[in-house]
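Student: Please take one part of this model and go through it closely, then place it against the rest of the chain. I would like the helix packing treated before the single residues.

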Amino acid sequence: MNCWNRLWGVYQFFWIPVLLGVLLSCASTNRITETPIDRGIASGEPKNASLADEIRALIETGTPPSLLRALDLLRNRDVADTELGRTLSAIAVSLFKSVYPALVAEMPQTDIPVSSPYAKILKDAEKGIYTPAPSSSQDFFEMLLPFIALLNERRSERLAVASPDIDRAMALNGKSVLPYYFKGIILERTGQKDQALALYVNAYQLSIECYPAGLAIARIYASTGKQDSAVSLLTDLISRYPENWSIKRELAVLYYQTGNWSRAEPALAELLQRDPKDRELLLMRISVLVEQGKYIQAAPLLDAYGSLDNTNTTYLYLRARLQAEGYRNRDAALTFLRSILRINPSDPLANTYMAKLLIESDRESDRQEGEAMLDMMLKDANSPNNVLELAVLVSMRRQNWFQAQQYNSKLLESRRSGTDLSNEVLIQQGLKKFDQALLFAKELYEKDPLNEQNAYMYALSLVSADKREEARLIIDAKLSTVTQATLKSKYFYLRSRMRTDEETVLNDLRSSLFEDPRNLDALIAMLEIYHRRKDERRAVYYLKQALSLSPDNPILQPYKKEYANQLN
């Protein structure tokens, strides 16, 4: 036995594959591709299948289960402490941690022998240094492992250096997911999305366990307008990896980018429970809350972000929106916007929102300034979406429905967001095309049934299309469940439109204004009733309230002229 131990100690690195092949052949499998880890053996020399071959084949496959199986074999077959075992363990652990960082698994401590040809590659990769494989190399790992250094690299010139080695690795082992995934990264980050997608799909088809390839496919789908396909793929991934935070993050960001606020909010909140100081996600959640009109919830989160960074332009923009929409303080909002424009005079969000606030001002000089800003932005033949969106809102405020439709049709062609569909519902109603409005409202509602604003637009369209029974079911249900005051106000207003008795109509309108005194539709409806009743005092009261909200509203202009003396 002592003789055997001495023999093992001398020859373990070179002869362990052969010895284990004889002793453990019942546990071996056919190899994927032979690229000997011992470069002292000629690559063309025939070799028997062995445990070392099986372990190496599993590592080369590169999926989480195959890497964990390789580590399990190394541990349970008592070879993890040999030089070969230490080398294979280090490679498997490095690949697992680098390629699949979101997965939680018990990893052994690694101590790669300094004599290993891979020791320098892995050490350099940890420092972000790429080590090209020798031109004569036929070693899969020599070609593949250096790319670990570039997994977070964005510079195209550095990524391009790795491309030949990854191509050679792919040629050596076409059954490994890693070369396809790595080459996809190179192509995607150098702007070749179509080619990248094909390689990501190859990796994902080889094994759906390569979830980073699935994430990359979803990311490219989302960036090319295939949001539904992206959501479907990410939903499938999260069902298989319910605790995978990288998938959860990608899905939350996609919900945010597509304006699916009702799904984005809880998804972002869950991620922030894990890391409350993730600035990017924190800003997204604040944006979602502001978009939903949840200003009270947004305010403390803005304060929290401000304690981390109070110069970020997105933070300042959200501060402006909170002041304007939550606190009705237009001047304070303009102050925040001007501070953004001092940092970046061409900031598109700040310029657009500033123009919007100026156009909505009750001061003529402000409105002129805002309209001039918008006209300047619209001179660009390829006006960005946020400028077109403002043009739609301004046209709708002026009830220039044909112009609003022209601008909104461009938005529907390019992105077809929930906001665009919602605006199109109102535009079609303004054009008196109520059946068409209902079609858009139904599409909007089916896109995100949990979104309260979508449900309201659908109910509004049902009322306008005279589908009263369907509308009544939704309105009655919402009035008993909705707690948000502005939304409840809208439903009271909708119910008033279905009433026939004027006193009952007035009761619903009073309830609407009790919930939200700034409900313009309800104010105009009250004005019209008291005007018909020739109750001048009350008519002027509601006219003043409506004009303070929308001074250039075309519906109000005849009343403004008629009651000019009383207004003065």
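Tutor: What follows starts with one pair of helices and then turns to the nonpolar cores and to some single residues. The model is predicted, and each value below is computed from that prediction.

Two packed helices are described by the angle between their axes and the distance between the axes. The pair to look at is helix α24, residues 452-464, and helix α26, residues 485-498. Their axes come within 10 Å and cross at roughly 10 degrees. Angles under 35 degrees count as roughly parallel, so α24 and α26 are roughly parallel to each other. On the α24 side the contact is made by Glu 452, Gln 453, Ala 455, Tyr 456, Ala 459, Leu 460, Val 463 and Ser 464. On the α26 side, Leu 487, Lys 490, Tyr 491, Leu 494, Arg 497 and Met 498 take part. Sorted by type, the residues of this contact comprise 9 nonpolar, 2 polar and 3 charged.

In soluble globular proteins, nonpolar side chains tend to be buried together. The largest nonpolar core in this model has 127 residues, and Ile 59, Phe 147, Phe 182 and Leu 337 touch the most other members. Helix α4, residues 83-99, gives the most to this core, with 9 residues. Ile 59 is in contact with Leu 67, Ala 70, Leu 88, Ile 91, Ala 92, Leu 95 and Phe 141, leaving aside neighbours within four places in sequence. Apart from the largest core lies another, of 26 residues, and Leu 487 is among them, as are Leu 438, Ala 471 and Leu 479. Leu 487 is also one of the α26 residues in the contact with α24, which ties the helix pair to this other core.

Next come two serines. Ser 262 sits in helix α13, residues 261-274. The cut-off for buried is under 20% relative accessible area, so Ser 262, at 18%, counts as buried. Beyond four places in sequence, Ser 262 touches Gln 292, Asp 448, Leu 450 and Asn 451. With Asp 448 there is also a polar contact of 2.8 Å between the side chains.

Ser 246 is in helix α12, residues 245-257, and is partly exposed, with a relative accessible area of 24%. A polar contact of 2.5 Å joins the side chains of Ser 246 and Asn 244. Ser 246 touches Ala 102, Tyr 211 and Leu 215 when residues up to four places away in sequence are not counted. Asp 111, 135 residues from Ser 246 along the chain, has its C-alpha atom 29 Å from that of Ser 246.

Some backbone and surface details remain. Gln 399 lies in the loop between α20 and α21. Its phi is near 60 degrees, a positive value in a residue other than glycine, and Gln 399 is partly exposed, at 29% relative accessible area. Lys 432 lies in the loop between α22 and α23. Although Lys 432 is not a glycine, its phi is positive, at about 65 degrees, and at 61% relative accessibility Lys 432 counts as exposed.

Lys 123, in helix α5, residues 119-126, is exposed, with a relative accessible area of 52%. Lys 123 and Ala 149 are 26 residues apart in sequence, and their C-alpha atoms are 9.6 Å apart in space.

Terms used:
Residues are numbered from 1 along each chain as its sequence is written. This is a predicted model: local features need pLDDT of at least 70, side-chain atom pairs count only at pLDDT 80 or more; totals for chains, interfaces and linings use all residues. Side-chain values use heavy atoms; hydrogens and water are left out. Helices (H or I, at least four residues) and strands (E, at least two) are DSSP runs, numbered from the N terminus. Buried means under 20% relative accessible area, exposed over 50%, partly exposed in between (1.4 Å probe, protein chains only). A polar contact is a pair of N or O atoms within 3.5 Å; within protein, one must be able to donate a hydrogen and the other to accept it, and residues adjacent in sequence count only if both atoms are side-chain atoms. Contact means heavy atoms within 4.5 Å. Axes are lines fitted to C-alpha atoms, for helices over the stretch in contact, and angles run from 0 to 180 degrees between N-to-C directions. Angles under 35 degrees count as roughly parallel, over 145 as roughly antiparallel, 65 to 115 as roughly perpendicular and the rest as oblique. Ala, Val, Leu, Ile, Met, Phe, Trp, Tyr, Cys and Pro count as nonpolar, Asp, Glu, Lys and Arg as charged, and the others, Gly among them, as polar. A nonpolar core is a set of buried Ala, Val, Leu, Ile, Met, Phe, Trp, Tyr and Cys residues joined through side-chain atoms within 4.5 Å.
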